[in-house]
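Q: I'd like to go through this model label by label, with the criterion behind each one. Please start with the vocabulary.

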Amino acid sequence: MFINPAAKTLGHIDRIVDWRRGIKRAPVTVEWDLSNRCTLGCEACHFAHTHTRGPWAVKDRMLPMAFDNGGDLADLNLVKRGLSQMARAGVQAVVWSGGGEPTTHPRWRYAVTAARRRNLEQGMYTLGGHLTDTDAGFLSDYLTWVVVSLDCADAATYAREKGVPASRFDDACNGVWKLSGGKATVGVSFLLHSKNWYRMEDMVELGRSLGANYVTFRPAIHTSAAEPMVATDDRGWITNALPALSRVATYADVECDVDRFVAYRDWAGHGYDACQGPQLSTTITPDGRVWVCPQRRGVVGSALGDLRLESFADIWARHPGRWKVDRDCRVMCRLHLVNQQMAALEAPRAHEAFV
């Protein structure tokens, strides 16, 4: 499996042990938002409030409480300097993500090249529709993986859910096709909800027809901006979808964690008080600030430091290691599965000497 955060956590036991000994090892992964611009207006976007250009930037949207803007486009000189500092600190990989859409930065290829020169592995989440043949070949040569967030099985649905002309669906599909067949692993991502889950088989066939290495399914998470810890939608559809979810999960080219859907359906809180996932992963917004986790980018009080003012090593040296789970922590957050694994590793057990 390419996407398996709980199991991947076990691959970095050495870092977890060092943190418990008081040694603040560098994160394994850094997610860097090159841009807060996005040309889509996805209904389920968790970061619509960050967008500085695009459909969401001109629509009414509720901003989270105490939100602090994370900038527009990343300064590439800052990116270059930051990547050097992260590589020296022991970071293994960088993910170009958002926030916004990374390929809306006019010099995104410069950032990818800079990371390659520092021997950092790279991945990218993208809408896919802005990629030329040259872009796709470049990404395939330089990145370990690319995931295109497609979400819809046809053009009409794509237009409706993302607020763009139907032709943009073909652009996104062509992006997947251009990426396929190269060295990078190509995934196609679909967010499932009550109105589209029954089209899973169509989505799988679409991904296959475009040459993707795999298709991945996740539940679309709905919360209010004011209370991100509270799920706001009726999740009963998941019960109806379980047989289909279980079936597609058996396909060799599909990544579908059925337990993740069940956990969302039955959501009753995180189940732990301390977030430890940020020991292994952190997020940087276009303005150069380093945030404790992807879901808290822009939340006042959640920034660890600012690369414009200090080095990555100095920022990381202040890392608290644990972050209290509070009302600004989102339902099924990005690091939830990692946190569950780390909490399980830490939990006391009776008769531990007897294995």
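A: Happy to! A residue is called buried under 20% relative accessible area, exposed over 50%, and partly exposed in between, using a 1.4 Å probe and protein chains only. This is a predicted model, in which local features need pLDDT of at least 70 and side-chain atom pairs count only at pLDDT 80 or more, while totals for chains, interfaces and linings use all residues. Residues are numbered from 1 along each chain as its sequence is written, and side-chain values use heavy atoms, leaving out hydrogens and water.

Q: Why is R289 called buried?
A: The relative accessible area of R289 is 14%. Buried needs a value under 20%, so R289, at 14%, qualifies.

Q: What makes D68 and R289 a salt bridge?
A: The term asks for a side-chain nitrogen of Lys or Arg within 4 Å of a carboxyl oxygen of Asp or Glu. The side chains of D68 and R289 meet at 2.8 Å, N to O, so the pair satisfies the 4 Å limit. The two residues link distant parts of the chain, 221 residues apart: D68 is in the loop between β1 and α3 (76-89), and R289 is in strand β10 (residues 289-291). As for the names, helices (H or I, at least four residues) and strands (E, at least two) are DSSP runs numbered from the N terminus. D68 has a relative accessible area of 32%, so it is partly exposed.

Q: How do you know that D14 and R25 also form a salt bridge, and which parts do they tie together?
A: Their side chains meet at 3.6 Å, N to O, which is within the 4 Å allowed, so the pair counts. D14 lies in helix α2 (residues 13-20) and R25 in the loop between α2 and β1 (29-33), so the pair ties together parts that are eleven residues apart in sequence. D14 is partly exposed because its relative accessibility is 42%, and R25 is partly exposed because its value is 23%. D14 and R25 also belong to a network of salt bridges with D18. The structure holds 21 salt bridges.

Q: Are the two ends of the R308 and D306 salt bridge buried, partly exposed or exposed?
A: The closest N and O atoms of R308 and D306 are 2.7 Å apart. R308 has a relative accessible area of 47%, so it counts as partly exposed. D306 has 11%, so it counts as buried.

Q: What makes R109 a charge over a ring?
A: For this label, NZ of Lys or CZ of Arg must be within 6 Å of the ring centre and within 35 degrees of the ring normal. The charged end of R109 sits over the ring of F138, 5.6 Å from its centre. R107 also lies over a face, that of Y110, at 4.6 Å from the ring centre.

Q: Which residues of helix α5 are buried, and what covers them?
A: In α5 (residues 133-142), the buried residues are D135, A136, F138, L139 and S140. Their cover includes α4 (108-117), β3 (121-126), β4 and α7 (167-179).

Q: How do you know which polar contacts the side chain of D154 makes?
A: A polar contact is a pair of N or O atoms within 3.5 Å; within protein, one must be able to donate a hydrogen and the other to accept it, and residues adjacent in sequence count only if both atoms are side-chain atoms. The D154 side chain reaches the backbone nitrogen of A156 at 3.1 Å and that of T157 at 2.8 Å, so both distances fit the 3.5 Å limit. D154 lies in the loop between β4 (145-149) and α6 (155-162).

Q: Is D151 buried or exposed, and what is its phi?
A: At 9% relative accessibility, D151 counts as buried. Its phi is near 70°, a positive value in a residue other than glycine. D151 lies in the loop between β4 and α6.

Q: And H351: buried or exposed?
A: H351 has 63% relative accessibility, so it counts as exposed. Its phi is also positive, about 55°, although H351 is not a glycine. H351 is found in the segment after α12 (336-346).

How values were computed
Contact means heavy atoms within 4.5 Å.
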